[in-house]
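Trainee: Please take me slowly through one part of this structure, and explain each term when you first use it.

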Amino acid sequence: MIMNDMPLEQLLSETVKPEIYFRGLRYFRRGAVYDFSKTENFISAKVEGGYVRPYTVKIDITNNKAYCNCPFGFTEWCKHIVAVIIYFSNHKNLGNK
Ligand SMILES: [Zn+2]
């Protein structure tokens with residue numbers, strides 16, 4: 001039962017390459033994340049891509065698994081997933097203040 005609050009952010013820094021992390025951060029900062037929703041076990045959100053179509057990110061919080069429908073989202077955590085996790089963690093921080 002040690003879990004759920006921290007692991008996503010921790011995993012992020014351990015799993016994702018720095019350049020992907022910073023790209024995700026940039027997406028987050030320019031407000032590319034929208035339609036964010038969270039249930040007890042899942043997060044889902046859309047991220048505006050560099051192209052016309054937005055990408056959909058889903059995160060299974062219980063198992064710390066993340067998916068994105070961009071070409072990289074199946075094999076590794078992509079910048080869209082990073083952006084959504086950063087959004088999520090900022091969201092939590094805002095709620096605590
Ligand atoms: Zn992606």
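Mentor: Asn64 counts as partly exposed because 15 C-beta neighbours lie inside 10 Å of it; a residue is called buried at 20 or more other C-beta atoms within 10 Å of its own, exposed at 12 or fewer, and partly exposed in between, with C-beta atoms placed from the backbone. This is a predicted model, in which local features need pLDDT of at least 70 and side-chain atom pairs count only at pLDDT 80 or more, while totals for chains, interfaces and linings use all residues. The numbering of residues starts from 1 along each chain as its sequence is written.

Asn64 sits in the loop between strand 3 (55–60) and strand 4 (65–68), where strands (E, at least two residues) and helices (H or I, at least four) are DSSP runs numbered from the N terminus. Although Asn64 is a residue other than glycine, its phi is positive, near 50°.

From this loop we can turn to the sheet itself, which is open and consists of four strands in the order 1-2-3-4, with antiparallel pairing; two strands pair if DSSP finds at least two bridges between them. Strand 1 and strand 4 stand at the edges with a single partner strand each, so one side of each of them has no neighbour in the sheet.

Let us begin at strand 1, which covers residues 33–38 and contains Asp35. Asp35 is not a glycine, yet its phi is positive, at about 55°, and Asp35 counts as exposed because only 10 C-beta neighbours lie inside 10 Å. Strand 1 is paired with strand 2 in the antiparallel sense over four bridges, and these two strands form a hairpin with three residues between them. Within this pairing, Val33 stands opposite Val47 of strand 2.

Moving across the sheet, strand 2 (residues 42–47) runs antiparallel to strand 3, and six bridges join the two. One of the positions to look at here is Ala45, whose bridge partner in strand 3 is Val57. If residues up to four places away in sequence are left out, Val57 touches Ser44, Ala45, Val47, Ala66, Tyr67, Cys68, His80, Ile81 and Val84, where a contact requires C-beta atoms, placed from the backbone, within 7 Å of each other.

Val57 also belongs to the largest nonpolar core, a group of 25 residues in which Val33, Val47, Val57, Ile81, Ala83 and Val84 have the most contacts inside it; such a core is a set of buried Ala, Val, Leu, Ile, Met, Phe, Trp, Tyr and Cys residues joined through C-beta atoms within 7 Å. At least two residues of this core are supplied by each of helix 2, strand 2, strand 3, strand 4 and helix 3 (79–96). The largest share of the core, eight residues, comes from helix 3.

Asp60, also in strand 3, gives us another view of that strand. With 12 C-beta neighbours inside 10 Å, Asp60 counts as exposed, whereas Val57 is among the residues with the most contacts inside the core. Not counting residues up to four places away in sequence, Asp60 touches Asn41, Phe42 and Lys65. If you trace the chain from Glu40 to Asp60, you will find them 20 residues apart in sequence, while in space they are 9.7 Å apart from C-alpha to C-alpha.

How values were computed: Two residues are in contact if their C-beta atoms, placed from the backbone, lie within 7 Å.
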